[in-house]
Amino acid sequence: METYEFSFGFEMGCLHVAPVHVRVEQLPTVIAAHRHSNTSYEIHYTRRGRGSVTIDGMTRSVMPDTLYVTGPAIEHAQRSDPGDPITEYCLYLNCESLRAGRSDPFERFAQTHFWMGEDGGRVCPLLERLLEECRSPQPGGQEMAETLLRQIIILLMRMYRRESVQPRSAAPVPALTRAGFMPIIEDAFFYRYQTLTLTELAGLLNLSVRQTQRLLVSNFGKTFSQKLTEARMASACQFLVGSDLTITQISDRLGFSSIEHFSSAFRRFMGCSPREYRKGNRS
């Protein structure tokens, strides 16, 4: 995985855009269901491979040249075909409206919380150029990165307009006290849920354990334990439906000490056993 972080922001019409990072990675088989803050947008481009994305409970196929955007409060889970894994470019932005209530063409971007289609060679070249700028910094690199980011947003806005996408509203999610916490928290629960501890997360955030717990409760309405269980159970559901792993293997992958512990936790969370869930949700 390659990740390049940004440390600047800029204005586009009524929007203040704060790019967080651009990333290229081969996705794991399952990325559990998750959602972002009320200012966060992820732009996903599938460079190669196949799989699916589940948006608010609806599963859609993903293949090379698939482009989709997930914005505030849009729950999404990803699955990558183990035989043809997805390599994805992902751009993470924070966008805030500076002048609410004023007509502005860039408001279209902020108000569209989900869009999906084929890129057709429009956004991909800009993402690749952005990655190259990050890999090999040159004089004027920040200015070039900003120019590329502006072009990406303008292209997406035009694609939304051309294809008559209706802006999707969603329940507001409380904003984090510091925008920089969001990608750290999300990465921790996406990729480290097998072994993640509250102390470890606090260390990643450079906060105390008490501050971290307060941050989670105030911004997600859940304690660390509840967030960790949610992440593990979302992954468990994906593995049960989308893989041929045994229940014992799934239990091990999720970091449970025993299959009995996993089965008991799954039943409490989902209201049925892992075996019953797999039987009832496979076609």
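Is C134 buried or exposed? The points below address this residue first, and then the other cysteines, helix α9 and the enclosed space of this predicted model.

1. **C134.** With a relative accessible area of 18%, C134 is buried, since the cut-off for that class is under 20%. Its sulfur has the sulfur of C90 as its closest cysteine partner, at 13 Å, and this separation is too far for a bond.

2. **C124.** This cysteine also counts as buried, at 7% relative accessibility. The closest cysteine sulfur to that of C124 is again in C90, here 14 Å away, which is too far for a bond.

3. **Disulfide count.** A disulfide requires two cysteine sulfur atoms within 2.5 Å. Under that criterion the model contains zero disulfides. The distances of 13 Å for C134 and 14 Å for C124 show why neither of these residues is paired with C90.

4. **Geometry of helix α9.** Helix α9 comprises 12 residues, 259–270. At 1.5 Å a residue, a span of 16 Å is expected, and the end C-alpha atoms of α9 are indeed 16 Å apart, so the two values agree. Just after the helix, G271 adopts a positive phi of about 85°.

5. **Two sides of α9.** The buried residues of α9 are F262, A265 and F266. They occupy an arc of only 100° around the axis, and therefore lie on the same side of the helix. The general reason is that an α-helix has 3.6 residues a turn, so residues three or four places apart point the same way. On the other side of α9, E260 and R268 are exposed.

6. **What covers α9.** The buried residues of α9 are covered by elements that include α7 (224–242), α8 (247–253) and α10 (274–281).

7. **Largest cavity.** The model has one cavity of 30 Å³ or more. The largest cavity holds about 130 Å³ of space. Its lining consists of 17 residues, and those nearest the centre are R23, E42, C90, F190 and Y191. C90 thus appears in two contexts: it lies among the residues nearest the cavity centre, and it carries the cysteine sulfur closest to those of C124 and C134.

8. **Elements of the cavity lining.** Two or more lining residues come from each of β3 (15–26), β4 (30–34), β5 (40–48), β10 (87–97) and α4 (181–191). Helix α4 supplies the largest share of the lining, namely five residues.

Conventions. Residues numbered from 1 in each chain as written. Predicted model: local features only at pLDDT ≥ 70, side-chain atom pairs only at ≥ 80, totals over all residues. Heavy atoms only, no water. Buried < 20%, exposed > 50% of the residue type's maximum accessible area, 1.4 Å probe, protein only. Helix = DSSP H or I, 4+ residues; strand = E, 2+ residues; numbered from the N terminus. Expected span 1.5 Å × (residues − 1). Arc of directions from axis to C-beta. Contact = heavy atoms within 4.5 Å. 1 Å grid on protein atoms, 1.4 Å probe; cavity = no way out; pocket = protein on both sides within 12 Å on 5 of 7 lines; lining within 4 Å. Points joined across faces, edges and corners; volume = space filled by probe spheres on them.
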